[in-house]
Amino acid sequence: MEPVLNVGKQCALYLGVVAALAGGVAFFGPLDRTPAEAQEQTIIPLEGEFDMMPRLDAESDAAPKDVAVFYLTGAPAQKMWDAFPMQPVQDECVGRLSKYGNGMVCYGANGDGSAPDEPYECTFGIDMKTQSLILAQDC
């Protein structure tokens, strides 16, 4: 029987391999989950409507319909309303409180204090040619 030499080096090598394997499992383990599950986010089904429309400044009714218009209601709209950083203002077009910015608008309570049909509504458009947010409605 031969004497075992460099036991410390062998143990260090084995421990290094075990640590690398354990680190790999810890690093790659969360990849078997969906991103929302891994980040513990709550996903809410969307409620609302969708349409493809021409730009608001289109010169004719035959203009290409290249703006994707989203109209959201319910819990998703409320989350968007809550996330808007500005204070609501009275929107004279619809008679409701609104939060507007960069092509997106969300509506809250009626300006007169009465309950609206949908407590929260948000709408925005995406210009498919430029892939940017765009105002989807006017007054």
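Which residue stands opposite Phe70 in E2? In this predicted model, Phe50 is the residue that faces Phe70 of E2, and the legends below move outward from that pair to the strands, loops and pocket around it.

**View 1. The whole protein chain, with its helices and strands.**
The protein chain contains 3 helices and 7 strands, and when it is read along the sequence these elements follow the pattern α-α-β-β-α-β-β-β-β-β. Of the 139 residues in the protein chain, 24% are buried. The protein chain exposes about 10200 Å², and carbon and sulfur atoms supply 59% of that exposed area. Among the contacts in the protein chain with a separation of 6 or more, 42% are accounted for by residues 24 or more positions apart.

**View 2. Strand E2 with its partners E1 and E6.**
Strand E2 covers residues 67–73, and 5 of its 7 residues are buried, which leaves the strand mostly covered. Strand E1, made of residues 47–53, pairs with E2 in the antiparallel sense over 7 bridges, and the facing residues Phe50 and Phe70 can be found here. E2 is also joined to E6 by 7 bridges, and these two strands again run antiparallel. Two facing positions help the eye to follow E2 and E6: Tyr71 stands opposite Thr123 in E6, and Ala68 stands opposite Ile126 in E6.

**View 3. Strand E6 and the strands E5 and E7.**
Strand E6 runs through residues 121–127 and is mostly covered, with 6 of its 7 residues buried. Besides its pairing with E2, E6 pairs with strand E5, residues 104–110, in the antiparallel sense over 4 bridges. Within the pairing of E5 and E6, the bridge partner of Tyr107 is Glu121 in E6. E6 is joined to strand E7, residues 132–134, by 3 bridges, and these strands run antiparallel. Here the bridge partner of Gly125 is Ile134 in E7.

**View 4. The turn of the hairpin formed by E6 and E7.**
E6 and E7 form a hairpin with 4 residues between them. One residue to look for is Gln131, which is found in the loop between E6 and E7 and has a positive phi of about 50° although it is not a glycine. Is Gln131 buried or exposed? Gln131 counts as exposed because its relative accessible area is 62%, and exposed means over 50%.

**View 5. The loop between E4 and E5, with Asn102 and Gly103.**
Asn102 has its place in the loop between E4 and E5, and Gly103 lies in the loop between strand E4 (96–101) and E5 as well. Asn102 has a positive phi of about 50° although it is not a glycine. Asn102 counts as exposed because its relative accessibility is 61%, whereas Gly103 counts as buried because its relative accessibility is 7%; the cut-off for buried is under 20%. Leaving aside neighbours within four places in sequence, Gly103 is in contact with Thr123, Phe124, Gly125, Ile134 and Leu135. From C-alpha to C-alpha, Gly103 and Thr123 are 8.6 Å apart in space, and they are 20 residues apart in sequence.

**View 6. Asp66 in the loop between E1 and E2.**
Asp66 is found in the loop between E1 and E2, and it counts as buried because its relative accessible area is 12%. Which residues does Asp66 touch, not counting residues up to four places away in sequence? Asp66 touches Met52, Met53, Arg55, Ile126, Asp127, Met128 and Lys129. One of these contacts, Ile126, has already appeared in View 2 as the residue of E6 that Ala68 stands opposite.

**View 7. The largest pocket and the residues that line it.**
The largest pocket has a volume of about 160 Å³. Its lining is made by Asp91, Cys93, Val94, Tyr100, Val105, Tyr107, Leu135, Gln137, Asp138 and Cys139, and these residues divide into 7 nonpolar, 1 polar and 2 charged. Two of the lining residues have been met in earlier views: Tyr107 is the bridge partner of Glu121 in E6, and Leu135 is among the residues in contact with Gly103.

Conventions. Residues are numbered from 1 along each chain as its sequence is written. This is a predicted model: local features need pLDDT of at least 70, side-chain atom pairs count only at pLDDT 80 or more; totals for chains, interfaces and linings use all residues. Side-chain values use heavy atoms; hydrogens and water are left out. On a 1 Å grid over the protein atoms alone, a cavity is a set of points where a 1.4 Å probe fits but cannot get out, and a pocket is an open set with protein on both sides within 12 Å along at least five of seven lines; lining residues have an atom within 4 Å of a point. Grid points are joined across faces, edges and corners, and a volume is the space filled by probe spheres set on the points. Ala, Val, Leu, Ile, Met, Phe, Trp, Tyr, Cys and Pro count as nonpolar, Asp, Glu, Lys and Arg as charged, and the others, Gly among them, as polar. Buried means under 20% relative accessible area, exposed over 50%, partly exposed in between (1.4 Å probe, protein chains only). Two strands pair if DSSP finds at least two bridges between them. Contact means heavy atoms within 4.5 Å. Accessible areas come from the Shrake-Rupley method with a 1.4 Å probe; for residues, only the protein chains shown count as cover.
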